[in-house]
Amino acid sequence: MEQAGGKSDKGREAQAPHDCRKCQGSGVVTQLAGRNAEAAVCECSRRCLICHGSHYLVEKDALGREMARMCECEKRRVRVRLYNEAGLPGKYHDARLSERFRDRHNAEAFNTFRLLAREYHRGHKGILLMGPPGVGKTWLVSAFVHEMIFQHGVPVHMRDFFHLLSELKSGYSQDKPESELIDPLVAVEVLVIDELGKGRNTPWEQNILDVIISQRYNGQKTTVFTTNYSLTRATTLSERVRSRDSSAEGDVIVRDTLEDRIGPRILSRLREMCDFVAIGGPDRRDLEAVGGTP
């Protein structure tokens with residue numbers, strides 16, 4: 001390891017060229033890789049001119065003792081690994097909390113996530129983002145995850161609620177211990193659960209959710225949720241389902257509230273754990289289809 005050369009070296013640590021078209025100066029590129037998003041160190045930043053590949057720098061403290069600290073190039077590699085373990089949907093690998101993506105429809109939610117990322121500390125309240133399908137909820141939480149990992153080095157796991165339930169069911173069917181299945185969800189510093197309430201709403205599903213949320217609540221862990229369901233029937237998701245009444249003809253319209261989907265006990269916990277934020281606007285998937293705003 002080599003000793004840092006001074007303030008000018010610190011300022012140059014592993015800085016990516018600002019004119020790099022691939023990473024726009026971030027030193028990291030992201031891409032779609034199967035179902036998930038994947039990051040890698042950009043070619044422009046793979047050779048660090050400061051630590052020369054040792055990944056650490058040696059400095060002297062006020063008493064003249066030598067102390068090693070991680071070079072920025074190594075921090076970047078660590079954060080790439082965190083990102084690749086986070087489980088972001090591949091479609092949203094380019095989501096960023098950048099001002100150019102803020103508009104009048106998502107402004108409140110956008111600002112709330114940006115504020116949480118900027119002021120985050122362990123035990124910080126999370127966010128529960130409510131809104132109809134297609135308004136950009138998953139995009140926003142994906143941008144938030146990118147910000148937390150690459151700007152602040154905070155470990156985050158993101159899980160779609162329905163897929164999470166499927167993974168847990170598969171694990172239980174293989175006789176895996178509950179600790180092996182649940183502990184990673186409880187232990188991670190920040191957990192994002194997308195599409196809360198999606199599923200069959202069985203007692204087993206509610207029990208699993210209760211276990212995860214209760215343990216994170218007791219551990220004062222930050223948890224973020226998105227959901228299509230709101231707190232009132234007037235604003236919640238309207239779903240057409242097959243009637244369970246054999247004498248009825250055709251489908252029926254169901255308007256479950258969030259409380260209907262997760263139960264009053266869990267909702268009460270979420271009120272303490274999260275700030276509730278609503279988001280509306282047009283269906284952005286339709287806008288994408290016609291070449292409009294993503």
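A helix here is a DSSP run of at least four residues, numbered from the N terminus. I start with that because helices and strands, as DSSP runs, are the names I will use throughout. Just after helix H4, Gly 153 takes a positive phi of about 70°.

Before going further: this is a predicted model. The mean pLDDT of the protein chain is 88, and 89% of its residues reach 70 or more. The exception I would point to is residues 1-14, where pLDDT stays under 50. For that stretch the model has 28 contacts beyond four places in sequence.

Back to H4, which covers residues 137-152. How far apart should the ends of its 16 residues be? At 1.5 Å a residue, the expected span is 22 Å, and the end C-alpha atoms are 22 Å apart, so the two agree. Buried means under 20% relative accessible area. By that cut-off 13 of the 16 residues are buried, so H4 is largely enclosed by the rest of the structure.

Helix H2, residues 72-86, can be checked in the same manner. Its 15 residues should span 21 Å at 1.5 Å a residue, and its end C-alpha atoms are 21 Å apart, which agrees. After H2 comes Gly 87, with a positive phi near 85°. Which residues of H2 are buried? They are Cys 73, Glu 74, Arg 76, Val 80, Leu 82, Tyr 83 and Ala 86. The cover over them includes H4, together with strands E2, E3, E5 and E7.

Now a strand. E6 runs over residues 126-130, and 5 of its 5 residues are buried. In a regular strand the side chains alternate between the two faces of the sheet. In E6, Gly 126, Leu 128 and Met 130 point one way, while Ile 127 and Leu 129 point the other way.

What does E6 pair with? One partner is strand E12, residues 274-278, in the parallel sense over 5 bridges. There, Ile 127 has Asp 275 as its bridge partner. Strand E9, residues 222-227, also runs parallel to E6, joined by 3 bridges. In E9, Phe 225 is the bridge partner of Leu 128.

Last, empty space. The count comes to 1 cavity of 30 Å³ or more. The largest cavity holds about 50 Å³ of space. Its lining includes Phe 161, Gly 197, Asn 201 and Glu 205. Helices H7 and H8 are the elements that give two or more residues to this lining. Which of them gives the largest share? H7 does, with 3 residues.

Notes: Residues are numbered from 1 along each chain as its sequence is written. This is a predicted model: local features need pLDDT of at least 70, side-chain atom pairs count only at pLDDT 80 or more; totals for chains, interfaces and linings use all residues. Side-chain values use heavy atoms; hydrogens and water are left out. Buried means under 20% relative accessible area, exposed over 50%, partly exposed in between (1.4 Å probe, protein chains only). Two strands pair if DSSP finds at least two bridges between them. The expected span of a helix is 1.5 Å times one less than its number of residues. pLDDT is the predictor's confidence in each residue, from 0 to 100. Contact means heavy atoms within 4.5 Å. On a 1 Å grid over the protein atoms alone, a cavity is a set of points where a 1.4 Å probe fits but cannot get out, and a pocket is an open set with protein on both sides within 12 Å along at least five of seven lines; lining residues have an atom within 4 Å of a point. Grid points are joined across faces, edges and corners, and a volume is the space filled by probe spheres set on the points.
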